[in-house]
Amino acid sequence: MAKAADGDSADAIVADGLNVERGGRRVLRDLAFTVPRGSVTGLLGPSGCGKSTLMRALTGVQANVRGRLDVLGLPAGDKRLRDRVGYVTQAPSVYADLSVHENLRYFAALLRAPKRDIDRVTEEVDLAAYRDSQVAHLSGGQRARVSLAAALLGTPELLVLDEPTVGLDPVLRRDLWDVFHRLARDGVTLVVSSHVMDEAERCQSLLLMRDGELLAQETPDGLLERTGAKDAEAAFLALIESEPADGTAGGAEGEGAAR
Ligand SMILES: Nc1ncnc2c1ncn2[C@@H]1O[C@H](COP(=O)(O)OP(=O)(O)OP(=O)(O)O)[C@@H](O)[C@H]1O
């Protein structure tokens, strides 16, 4: 496959003047940021700030997206990105009445991923012991890992993970973050949302959002330095206090067709 034609940008994601309207409201406002390839970027911010909307835009399933949003050098949602981008939503996206293996076999067939991928991704999310268990009989964390395994089929270059660690115990959370870092070392780009600020420290780069706006793009250390705070949570609060709270920072309230 010709690399240049499929987008050979050094950045996995480039957003500029990105606006999204939902239900007649502008829920993403003039976002501009880049995400380097082979990194783990945390998308952090309070509930309702627009994290899922941004992830939906990245994966091409969000309507009313305006402005620039390039993914792997192509416009987000481009058909050529279909098997290069993996997306795990907050809701488990696997079949409860099938086993782990049957789910993965089904998704591998849909994605035309090689059969050998099934064992690889099962190992990657540490579910080999549950290969033949029905998903309905798994714990919440195990179910979340089946969804993640399905997203890893076919070796995507960008993984978009919407709150993948919600409801997991600290050991499982740590193990999943280890998987994320291992994938990034192999060149995969990961965008991981969370509203748990202590997860910020596990990311290489942070996109901090509030009310549909990007408050900052920083490294975890840069964020602490910039705010003088002791931890990510305090830093986020310090940033919020230093910014106007009425949503005017991103510019005019009018029509969002920024190009
Ligand atoms: N289907 C929809 N129609 C209209 N507005 C919506 C819809 N879904 C979400 N919104 C609004 O868009 C804004 C951003 O929501 P989004 O789900 O992206 O936030 P979030 O940061 O992912 O929140 P959470 O952490 O709670 O999942 C919110 O104000 C929400 O009310």
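Here are legends for a handful of close-up views of this predicted model.

**View 1. The whole chain, by confidence.** Before zooming in, a quick look at the scores: the chain averages a pLDDT of 87, with 91% of its residues at 70 or more. Residues 1–5 fall below 50, and that stretch makes 2 contacts in the model beyond near neighbours in sequence. Residues 247–259 also have a pLDDT below 50, with 21 contacts beyond near neighbours in sequence. As for the global scores, ipTM comes out at 0.96 and pTM at 0.86.

**View 2. The shell around the ligand.** Which residues sit around the ligand? Reading along the chain, they are Arg-22, Gly-23, Val-27, Gly-45, Ser-47, Gly-48, Cys-49, Gly-50, Lys-51, Ser-52, Thr-53 and His-195. Helix α1 (residues 51–59) supplies the largest share of this shell, 3 residues. Sorted by character, the shell has 8 polar residues, 2 nonpolar and 2 charged.

**View 3. Inside the largest nonpolar core.** This core counts 69 residues, and the members touching the most others are Leu-58, Val-71, Ala-149 and Val-160. Helix α4 (residues 140–152) is the top contributor, giving 7 residues. Zoom in on Leu-58 and you'll find Ile-13, Val-71, Ala-76, Val-160 and Val-191 touching it, leaving aside residues up to four places away in sequence.

**View 4. The buried side of helix α7.** Within α7 (residues 232–242), Ala-232, Ala-235 and Phe-236 are buried. Why do they end up on the same side of α7? Because the arc they cover around the axis is only 100 degrees. What the buried residues of α7 pack against is β9 and α6 (220–227).

**View 5. Glu-163 and its backbone angle.** Most residues other than glycine have a negative phi. Glu-163, though not a glycine, has a positive phi of about 45 degrees. Look for Glu-163 in the loop that runs between β7 (158–161) and α5 (170–185). Is Glu-163 buried or exposed? Glu-163 has 20 C-beta neighbours inside 10 Å, so it counts as buried.

**View 6. Asp-211, another positive phi.** Asp-211 is not a glycine either, yet its phi is positive at about 45 degrees. Asp-211 is found in the loop between β9 (205–210) and β10 (213–218). Its 19 C-beta neighbours inside 10 Å make Asp-211 partly exposed, because the buried class begins at 20.

**View 7. Glu-21 in strand β1.** Glu-21 belongs to strand β1 (residues 11–22). There are 18 other C-beta atoms within 10 Å of Glu-21, so it is partly exposed. How far apart in space are Glu-21 and Pro-92, C-alpha to C-alpha? The answer is 26 Å, with their positions 71 residues apart in sequence.

**View 8. Asp-221 on helix α6.** Asp-221 is part of helix α6, an element that the buried residues of α7 pack against. Asp-221 itself counts as exposed, because it has 9 C-beta neighbours inside 10 Å. For a long-range pair to try in your viewer, take Asp-221 and Tyr-130: they are 91 residues apart in sequence and 38 Å apart in space, C-alpha to C-alpha.

Technical notes: Residues are numbered from 1 along each chain as its sequence is written. This is a predicted model: local features need pLDDT of at least 70, side-chain atom pairs count only at pLDDT 80 or more; totals for chains, interfaces and linings use all residues. A residue is near a molecule or strand if its C-beta atom, placed from the backbone, lies within 6 Å of it. Helices (H or I, at least four residues) and strands (E, at least two) are DSSP runs, numbered from the N terminus. Ala, Val, Leu, Ile, Met, Phe, Trp, Tyr, Cys and Pro count as nonpolar, Asp, Glu, Lys and Arg as charged, and the others, Gly among them, as polar. A residue is buried if 20 or more other C-beta atoms lie within 10 Å of its own, exposed if 12 or fewer, and partly exposed in between; C-beta atoms are placed from the backbone. pLDDT is the predictor's confidence in each residue, from 0 to 100. Two residues are in contact if their C-beta atoms, placed from the backbone, lie within 7 Å. A nonpolar core is a set of buried Ala, Val, Leu, Ile, Met, Phe, Trp, Tyr and Cys residues joined through C-beta atoms within 7 Å. The arc is that of the directions from the helix axis to the C-beta atoms.
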